[in-house]
Amino acid sequence: MAATFVLVHGGWHGGWCWRRVSDLLQKKGHKVFTPTMTGLGERCHLIDPKINLATHITDIVNVIKWEGLKDIVLVGHSYGGMIISGIAEQAGDAIGAIVFLDAFVPESGDSLAAKASQPVREQIAALEQKGEHAMKPVPAAVFRVNEKDRSWVDAMCTPHPLATLTDKIALTGAHEKIAKKAYIRAKGYPSVPFDGYHDKLKATAGWRVYEVPCGHDVMVDMPERLAEILMEVA
C-alpha cells in the first residue's frame, strides 16, 4: 500500500539530503515530502536571529496542514528529532508512524544545547557568549559520512540558526501516543546521547529499534537500507 512520508532533515542540512531515499520511495509508489526548514539549504538566504525552534516546527506542521496530509510516516534525523517531537504535539492526528533516525528524543524542557555531546554543548555556549546567531556546519568527516560523499555534503551544509538549538521544548508526550514508533541508530557514528536513546527505547514496549552500520547521515550512506526500514515501519 502506498504511504506518505514526511522526511525532516537535521542541523545544517536541508531537504537536499533526502534525495536518494525519496527517489527510492517514490519508485515504489509512495508520496514523499522533504521540506527544508527556514534559514537552511535552499532557504539559507532567510537566516535570521529571530528563527527559533517554534519556527522550524511550524515549517513542517504547515506542510502537513496545507498539503492536507493524513496517516503520515514522520521521520526526523538528528536535530530533526526535536522537530518531530514538537510536530506530534500539534499535528499528532495526522501521524501514523514516527521514526527517530539517529536523533534526539527530547523530554519536556530539553534543548539540543543541553542534550548534545560535550564538544557541541561547549561550542554552542561559546557562540552564545559572543552574541552569535548561527553555528557553522560540522564537517561531514566528523559525522563519519562516507569519504566519497564528504565534499558534496560539506558544500551543501549551511550555518544553523542558534536559537533553534538553545530553545527548550515543551512536550506532553504526544509522540508516545503514536501507534508505530521506531528508533534507528547509526552505529558507525560514536554518540553517547544517541546510544542512550537507543538502549532506553530497545527496552521500551511499543518501539521498534534498528541498527545500521554506517555514519550519522544514513540517508547519504545507506539510502537503500533506510528506505527498506521506513517501508517496514510504515
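**View 1. Ser78 is placed in the loop that joins strand 3 to helix 3 (80–91).** Helices here are DSSP runs of H or I with at least four residues, strands are runs of E with at least two, and both are numbered from the N terminus. The structure is a predicted model, in which local features need pLDDT of at least 70 and side-chain atom pairs count only at pLDDT 80 or more, while totals for chains, interfaces and linings use all residues. Residues are numbered from 1 along each chain as its sequence is written, and side-chain values use heavy atoms, with hydrogens and water left out. Most residues other than glycine have a negative phi. Ser78, although it is not a glycine, has a positive phi near 55 degrees. With a relative accessibility of 10%, Ser78 counts as buried, a term that stands for under 20% relative accessible area, whereas exposed stands for over 50% and partly exposed for values in between, with a 1.4 Å probe and protein chains only.

**View 2. Asp71 sits in the loop between helix 2 (53–66) and strand 3 (72–77).** Asp71 is another residue other than glycine with a positive phi, in this case about 50 degrees. Its relative accessibility is 57%, so Asp71 counts as exposed.

**View 3. Thr4 belongs to strand 1, which covers residues 4–8.** The relative accessible area of Thr4 is 16%, and this residue is therefore counted as buried. When neighbours within four places in sequence are set aside, Thr4 is in contact (heavy atoms within 4.5 Å) with Lys31, Phe33, Leu69, Asp71, Ile72 and Val73. Asp71, the loop residue of View 2, is thus one of the contacts of Thr4.

**View 4. Ile184 lies in strand 7, which runs over residues 180–186.** Ile184 has a relative accessibility of 0% and so counts as buried. Not counting residues up to four places away in sequence, Ile184 touches Val99, Phe100, Leu101 and Asp102, together with Tyr210, Val212, Leu226, Ile229 and Leu230. His45 and Ile184 are 139 residues apart in sequence, and their C-alpha atoms are 32 Å apart in space.

**View 5. Lys180 is found in strand 7.** Lys180 counts as partly exposed, because its relative accessibility is 38%. Leaving aside neighbours within four places in sequence, the residues in contact with Lys180 are Gly96, Ala97, Ile98, Val233 and Ala234. The C-alpha atom of Lys180 is separated by 9.2 Å from that of Ile95, although the two residues are 85 residues apart along the chain.

**View 6. Glu232 is part of helix 10, which covers residues 223–233.** With a relative accessible area of 44%, Glu232 is partly exposed. Arg208 and Tyr210 are in contact with Glu232 once neighbours within four places in sequence are left out, and Tyr210 is also among the residues that Ile184 touches in View 4. Between Glu232 and Lys70, which are 162 residues apart along the chain, the C-alpha separation is 18 Å.

**View 7. Cys17 and Cys157 have sulfur atoms 8.1 Å apart, which is too far for a bond.** A disulfide is a covalent bond between the sulfur atoms of two cysteines. It is counted here when a pair of cysteine sulfur atoms lies within 2.5 Å, and by this rule the count comes to zero disulfides. Cys214 is likewise in no disulfide, as the nearest cysteine sulfur, that of Cys17, is 13 Å away. Both residues lie inside by the accessibility rule: Cys17 counts as buried at 2% relative accessibility, and Cys214 is buried with a relative accessible area of 7%.

**View 8. The protein chain, from which the close-ups are taken, has ten helices and eight strands.** Its radius of gyration, taken over C-alpha atoms, is 16 Å, close to the 17 Å that the globule rule gives for 234 residues, so the chain is as compact as a globular protein of that length; the rule is 2.2 Å times the number of residues to the power 0.38. The C-alpha trace spans about 50 × 40 × 35 Å along its principal axes, and 54% of the 234 residues count as buried. Among the contacts with a separation of 6 or more, 74% are between residues 24 or more positions apart.
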